[in-house]
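Student: I would like to go through this structure element by element, with questions as we proceed.
Tutor: Go ahead; here is the entry.

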Amino acid sequence: MTASRVLVLNSGSSSVKYQLLDMADRSRLAVGLVERIGEETSRLVHEPLTGPGAAGGKREQLGPIADHEAALKAVAAELAADGMGLDSPELAAVGHRVVHGGTRFTQPTVIDDEVLAEIRNLIPLAPLHNPANVTGIEVARSLRADIPQVAVFDTAFHSTMPEYVARYAIDAATADAYSIRRYGFHGTSHAYVSRATAALLGRPVEDVNVIVLHLGNGASASAVRGGVCVETSMGLTPLEGLVMGTRSGDLDPAVVFHLARVGGLSVDEIDSLLNKKSGLLGMCGDNDMREVLRRAGEGDEAASLAFAAYVHRLKKYIGAYSAVLGRVDAVAFTAGVGENAHQVREAALDGLAELGLALDLEANAARSPQPRLVSAEYARVAVAVVPTDEELEIATQAYALVTVTR
């Protein structure tokens with residue numbers, strides 16, 4: 001029996017999202033979530049998608065789950081109940097989402113003690129994410145030390161950016177001393193969507209230039225030339241770039257100095273303000289685009305202003321990345337807002353006919369879970385809506401690596 005299953009783990013500070021996939025046919029076998037780890041109100045939701053257990057649908061456990069070890073053991077028990085446990089000989093690898101790979105990790109990497117130590121060393125670059133990623137890896141390795149554990153890094157896809165794009169124009173010695181450069185994030189999504197867009201156009205990925213707009217509560221743009229990222233909107237951290245749910249995006253750095261000197265805010269208070277209390281939330285009090293659109297439709301001025309700022313920033317990046325690429329074959333919208341908010345797509349592309357962009361308004365307004373083109377037939381540049389699949393991307397990269405290294 002050839003092992004072809006990959007368990008994908010996304011370990012957060014108090015949660016674990018997981019999917020079990022069979023790479024023989026790229027099918028999902030089970031999905032689930034453990035949330036509120038360490039609290040009395042912990043919750044595990046498990047859904048088998050194949051086999052006898054699938055008929056029963058989702059299963060839910062409520063009650064305290066002390067830590068990530070207990071969480072992953074509970075996940076293993078749920079999978080075992082469906083005949084898909086971690087001890088299965090069909091399990092080929094565990095793929096871990098790791099947010100920050102720095103400059104060292106630019107490809108999926110089999111995790112050993114040295115790699116794990118390096119991921120720990122990168123915690124200062126991603127203090128909210130890498131610690132939880134490390135914990136998930138440690139626990140998974142303890143449960144199945146005999147199979148490959150593979151780290152797939154959010155930053156890796158963007159490591160192909162030219163040095164003049166990745167560098168900030170600050171003192172070079174200071175930048176090097178503190179690893180200050182543009183890394184980019186959401187890389188697994190941008191990689192998946194750029195390839196899926198080429199497939200949707202029926203063309204080799206090497207021949208397609210695409211602007212990918214990953215629009216969720218966090219949002220980022222990328223310019224992808226022939227499958228290779230040449231620009232992205234996020235930088236040293238996920239704060240740079242587009243207006244987001246709670247993040248400001250692009251900002252004059254002197255705002256930080258002003259808030260410290262005039263406002264008397266501490267570094268931690270400014271950090272919290274820009275990352276957690278800004279963006280749509282800061283401008284109108286809602287970070288859910290559905291609520292922003294509802295309120296704007298009812299004439300709410302704050303929501304209308306927030307929506308306009310959000311769309312304006314999108315337009316700027318579409319225009320800028322059109323210039324960077326020179327030739328654009330497609331603009332692809334993905335993630336929660338990008339896939340579901342047709343008003344955002346319409347507003348972002350309005351007035352960009354000179355760039356070859358035009359929507360089929362009826363197709364754009366129609367809801368579908370499938371990848372699709374929503375551009376007008378006469379448009380020079382295709383507009384695609386492509387549901388992202390970061391778990392499948394992680395599984396694909398992990399499985400390809402362990403298959404090659406066997």
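Student: In which sense do β4 and β5 pair, and over how many bridges?
Tutor: This is a predicted model, and the pairing is read from its bridges. In β5, glutamine 61 is the bridge partner of leucine 44. The two strands, β4 and β5, pair in the antiparallel sense, over four bridges.

Student: Which residue in β4 stands opposite glutamate 35?
Tutor: Strand β3 (residues 27-35) and strand β4 (residues 43-48) run antiparallel and are joined by six bridges. Opposite glutamate 35, in β4, stands arginine 43.

Student: Which strands stand at the edges of the sheet that β4 and β5 belong to?
Tutor: Eight strands make up this open sheet of mixed pairing, in the order β5-β4-β3-β2-β1-β6-β8-β7. An edge strand here has a single partner, so one side of it is left without a neighbour in the sheet. The edge strands are β5 (59-62) and β7 (109-110).

Student: What is the bridge partner of arginine 5 in β6?
Tutor: Strand β1 (residues 5-11) pairs with strand β6 (residues 91-98) in the parallel sense, over five bridges. The partner of arginine 5 in β6 is leucine 91.

Student: Why is the pair of phenylalanine 105 and phenylalanine 153 stacked?
Tutor: A search of the whole structure finds two aromatic pairs. In the pair of phenylalanine 105 and phenylalanine 153, the ring centres are 4.8 Å apart. Planes under 30 degrees apart count as stacked. The pair is stacked because its planes are at 5 degrees.

Student: How many residues apart are phenylalanine 105 and phenylalanine 153, and where do they lie?
Tutor: Phenylalanine 105 is in the loop between β6 and β7, and phenylalanine 153 is in strand β8 (residues 149-153). The pair thus links distant parts of the chain, with a separation of 48 residues.

Student: Turning to the helices, how are α2 and α3 oriented to each other?
Tutor: Helix α2 (residues 113-121) and helix α3 (residues 130-143) have axes 9 Å apart and pack at an angle of about 160 degrees. Angles over 145 degrees count as roughly antiparallel. The crossing of α2 and α3 is left-handed. Their orientation is therefore roughly antiparallel.

Student: How many residues of each class are in the contact of α2 with α3?
Tutor: On the α2 side are Asp113, Leu116, Ile119 and Arg120, which meet Asn130, Val134, Ile137, Glu138 and Arg141 in α3. By class, the contact of α2 with α3 has four nonpolar, one polar and four charged residues.

Student: What are the edge strands of the sheet that contains β9?
Tutor: This open sheet has six strands in the order β11-β10-β9-β12-β14-β13, and the pairing is mixed. Each edge strand pairs on one side only, and these strands are β11 (228-232) and β13 (372-373).

Student: Which residue in β11 stands opposite serine 222?
Tutor: Strand β10 (residues 219-225) and β11 run antiparallel and are joined by four bridges. Opposite serine 222, in β11, stands threonine 232.

Student: What angle does the direction of helix α6 make with that of β9?
Tutor: Helix α6 (residues 187-201) packs on the sheet. The strands that α6 touches are β9 (209-215), β10, β12 (330-334), β13 and β14 (382-385). With the direction of β9, that of α6 makes about 130 degrees.

Student: How are α10 and α11 oriented to each other, and what is the handedness of their crossing?
Tutor: The axes of helix α10 (residues 289-297) and α11 come within 8 Å and cross at roughly 120 degrees. Therefore α10 and α11 are oblique to each other. The handedness of their crossing is left-handed.

Student: How do the residues of the contact of α10 with α11 divide by class?
Tutor: Met289, Val292, Leu293, Arg295 and Ala296 in α10 meet Ala302, Ala303, Ser304, Phe307 and Tyr310 in α11. The contact of α10 with α11 divides into eight nonpolar, one polar and one charged.

Student: Is the crossing of α11 and α13 left-handed or right-handed?
Tutor: Helix α11 (residues 301-325) and helix α13 (residues 342-349) have axes that come within 8 Å and cross at roughly 55 degrees. The two helices, α11 and α13, are therefore oblique to each other. The crossing in which α11 passes α13 is right-handed.

Definitions and conventions. Residues numbered from 1 in each chain as written. Predicted model: local features only at pLDDT ≥ 70, side-chain atom pairs only at ≥ 80, totals over all residues. Heavy atoms only, no water. Axes fitted to C-alpha atoms, helices over the stretch in contact; angles between N-to-C directions. Parallel < 35°, antiparallel > 145°, perpendicular 65-115°, else oblique. Left-handed = near helix turned anticlockwise from the far one by under 90°. Contact = heavy atoms within 4.5 Å. Nonpolar A, V, L, I, M, F, W, Y, C, P; charged D, E, K, R; others polar. Pairing = 2+ DSSP bridges. Phe/Tyr/Trp six-rings, centres within 6.5 Å; stacked < 30°, edge-to-face > 60°.
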